[in-house]
Amino acid sequence: MGWLTKIFKGSNHRLSEGEYRGKPNDHEFWNQPSENPDVYEQFENEEIDRAIALSLSEEEERKAMTLDKDSHLEEDEQLARALQESLNVESSAPPREKRTRNSNSNSSSNPNSNSNSNSNSSSNSNSNSNSFHPLPFDFSSGYRICGGCQNEIGHGRFLSCMGAVWHPHCFKCNSCSQPIYDYEFSMSGNRPYHKSCYKEQHHPKCDVCKQFIPTNMSGLIEYRAHPFWLQKYCPSHEMDRTPRCCSCERMEPRDTKYVKLDDGRKICLECLDSAVMDTSECQPLYLDIQEFYEGLNMKVEQQVPLLLVERQALNDAMEGEKHGHHHMPETRGLCLSEEQTVSTILRRPRFGAGNKIMEMRSEPYRLTRRCEVTAILILYGLPRLLTGSILAHEMMHAWLRLNGFRTLRPEIEEGICQVLAHMWIETELMAGSGSASLASTSASSSSAMSSKKVARSQFDRKLGDFFKHQIESDTSAAYGDGFRACNRAVVQYGLKRTLDHIRMTGSLPF
């Protein structure tokens, strides 16, 4: 290959306009083409050899450049793979918190239920919901342990999230136990969920329409909740005329129908189970209240008529009274001192198809004034415990008037009457007789009757606690503030001393 080497060394030579410039060490110059044929032929062959050698050398250079480029690409790929694996092992992106809402942070009161339902904005208490994007890698090398099965991952696809690496099939939802293949997932604490499973478990549902409670304009879950029953419902149900039970105040669920009474009120089936529906049915309860007063050495000597009436009859009688303070927005009991005629319910109505009331019978009753009290009226269709507490309240009004108490301020008279109603409910709950006197008379097996009594007793106790809660949390000046002040006096000085002080001064003993 000596000729090739020589050609490489002289490759800077060129042929131009019949003049050739040789190598510097030849010291020869051609001013014109040679006239010797042999010399010219030798020169021509030499130039052809140089051209061939030059072409071969350029081809070798291109091959060398291609090999060098491929080598650099392979090195770049190995470096990129090493960087990815280093990031995968040594770092893990923190999850991005997702905003939702929870319960029990009360922000406003429901104006349609006398401050008995609260507005709640929440983000699911005790569950930090996060939305996170797992990072898939097509290949893995090195020693890695799966956060699920605790086996080596080896080569192949894997996920890096929650500070660990996982086989794709080992990264599972804490609810349905199925692998999470979605681009995003949610977290509660350190437990991953499908977004749909997380919503099903942690997103609150409305107890009325049974749908997920929607988010407000700020993207937060906002709902109302009854302060005692904790029934959650969409704020829209306060505006769409969803009925409430006239006794327990719970809203009517879409899958349950309340019973509509003749005067337009609706009552839930649990409260209806122990409801007192006519005047004769209320007489045993009236005797119980009289015995309660006798036990307090406060016997009512006069026989005061007790009548169960509809809402309209009660409102008419209230308009005919010259004196008295009435609980608004609806009065459910009244102690009368004027002569008038009242329509009273004589026979308990029957319930037909669809719980429709049928055959309720009423008649007018003429009240005559023989003493300071002409009658006690109670709204019909309320549970026994509520009917009894209203009756205990009105009986105290009667006792005060029959025992010569002068006209008292509303917060004193209504407050002490509420104290007696509260005391009677406590007595009934302690005695455990809240539903015993109204056991069902329908024919059924003994085991079925036993389970029904247990369920009724449990609900009656809860209902009694609710009626106590209503008295204790009343916000009105006369009934709420009055009860709390009078109850504090009774606790400190006793009922007898408190009443004696009220009789003499018209005020509480402090």
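1. Let's start with Met-162. With a relative accessibility of 29%, Met-162 counts as partly exposed, because that value falls between the 20% limit for buried and the 50% limit for exposed. You'll find Met-162 in the loop that runs between strand E8 (158-161) and strand E9 (164-166). Have a look at its backbone too: phi of Met-162 is near 55 degrees, which is a positive value in a residue other than glycine. Keep in mind as you read on that this is a predicted model.

2. Lys-210 is another one to check. Its phi is positive, about 65 degrees, although Lys-210 is not a glycine. Where does Lys-210 sit? Lys-210 is in the loop between H3 and E12. Its relative accessibility is 39%, so Lys-210 counts as partly exposed.

3. Stay in that loop for a moment and look for Pro-204. Pro-204 is also placed between helix H3 (195-202) and strand E12 (221-225). Is Pro-204 buried or exposed? It has 13% relative accessibility, so Pro-204 counts as buried; the cut-off for that word is under 20%. If you trace the chain from Pro-204 to Tyr-233, you cover 29 residues in sequence, while their C-alpha atoms are 9.2 Å apart in space.

4. Now the overall picture. The protein chain has eleven helices and 24 strands. Of its 510 residues, 42% count as buried. Take the contacts between residues at least 6 apart in sequence: 57% of these join residues at least 24 apart.

5. How much confidence goes with the model? The mean pLDDT of the protein chain is 75, and 65% of the residues reach 70 or more. Among the elements, strand E1 (residues 15-16) has the lowest mean pLDDT, 30, while helix H10 (residues 477-493) has the highest, 96. Two stretches deserve a flag. Over residues 89-119 the pLDDT is below 50, and this stretch has 92 contacts in the model beyond near neighbours in sequence. Over residues 434-456 the pLDDT is also below 50, and here the model has 22 contacts beyond near neighbours in sequence.

6. On to the helices. Two packed helices are described by the angle between their axes and the distance between the axes. Try helix H5 (residues 279-295) and helix H7 (residues 384-402): their axes come within 10 Å and cross at roughly 50 degrees. H5 and H7 are therefore oblique to each other, since that angle lies between the 35-degree limit for roughly parallel and the 65 degrees where roughly perpendicular begins. Their crossing is right-handed. On the H5 side the contact includes Cys-282, Leu-285, Tyr-286 and Ile-289, and on the H7 side it includes Leu-391, Ala-392, Met-395 and Met-396. Sorted by class, this contact of H5 with H7 has nine nonpolar, three polar and two charged residues.

7. H7 also packs against helix H8 (residues 410-431), with an angle of about 140 degrees and axes 8 Å apart. What do we call that arrangement? H7 is oblique to H8, because the angle is not over 145 degrees, as roughly antiparallel would need, and is above the 65 to 115 range for roughly perpendicular. The crossing of H7 and H8 is right-handed. Residues of H7 that take part include Leu-385, His-393, His-397 and Leu-400, and among those they meet in H8 are Ile-416, Leu-420, Trp-424 and Leu-429. By class, the contact of H7 with H8 has eleven nonpolar, five polar and five charged residues.

8. Next, pick out Met-277, which lies in the loop between strand E16 (275-276) and H5. Met-277 has 0% relative accessibility, so it counts as buried. Met-277 and Ile-345 are 68 residues apart in sequence, yet the distance between their C-alpha atoms is 8.0 Å.

9. Last one: Lys-468, in helix H9 (residues 446-473). Buried or exposed? Lys-468 has a relative accessibility of 17%, so it counts as buried. Which residues does Lys-468 contact, leaving aside its neighbours within four places in sequence? The answer is His-422, Ile-425, Glu-426 and Leu-429. Two of those names link back to point 7: Ile-425 and Leu-429 in H8 also take part in the contact with H7.

Definitions and conventions. Residues numbered from 1 in each chain as written. Predicted model: local features only at pLDDT ≥ 70, side-chain atom pairs only at ≥ 80, totals over all residues. Heavy atoms only, no water. Axes fitted to C-alpha atoms, helices over the stretch in contact; angles between N-to-C directions. Helix = DSSP H or I, 4+ residues; strand = E, 2+ residues; numbered from the N terminus. Left-handed = near helix turned anticlockwise from the far one by under 90°. Contact = heavy atoms within 4.5 Å. Nonpolar A, V, L, I, M, F, W, Y, C, P; charged D, E, K, R; others polar. Buried < 20%, exposed > 50% of the residue type's maximum accessible area, 1.4 Å probe, protein only. pLDDT = per-residue confidence, 0-100.
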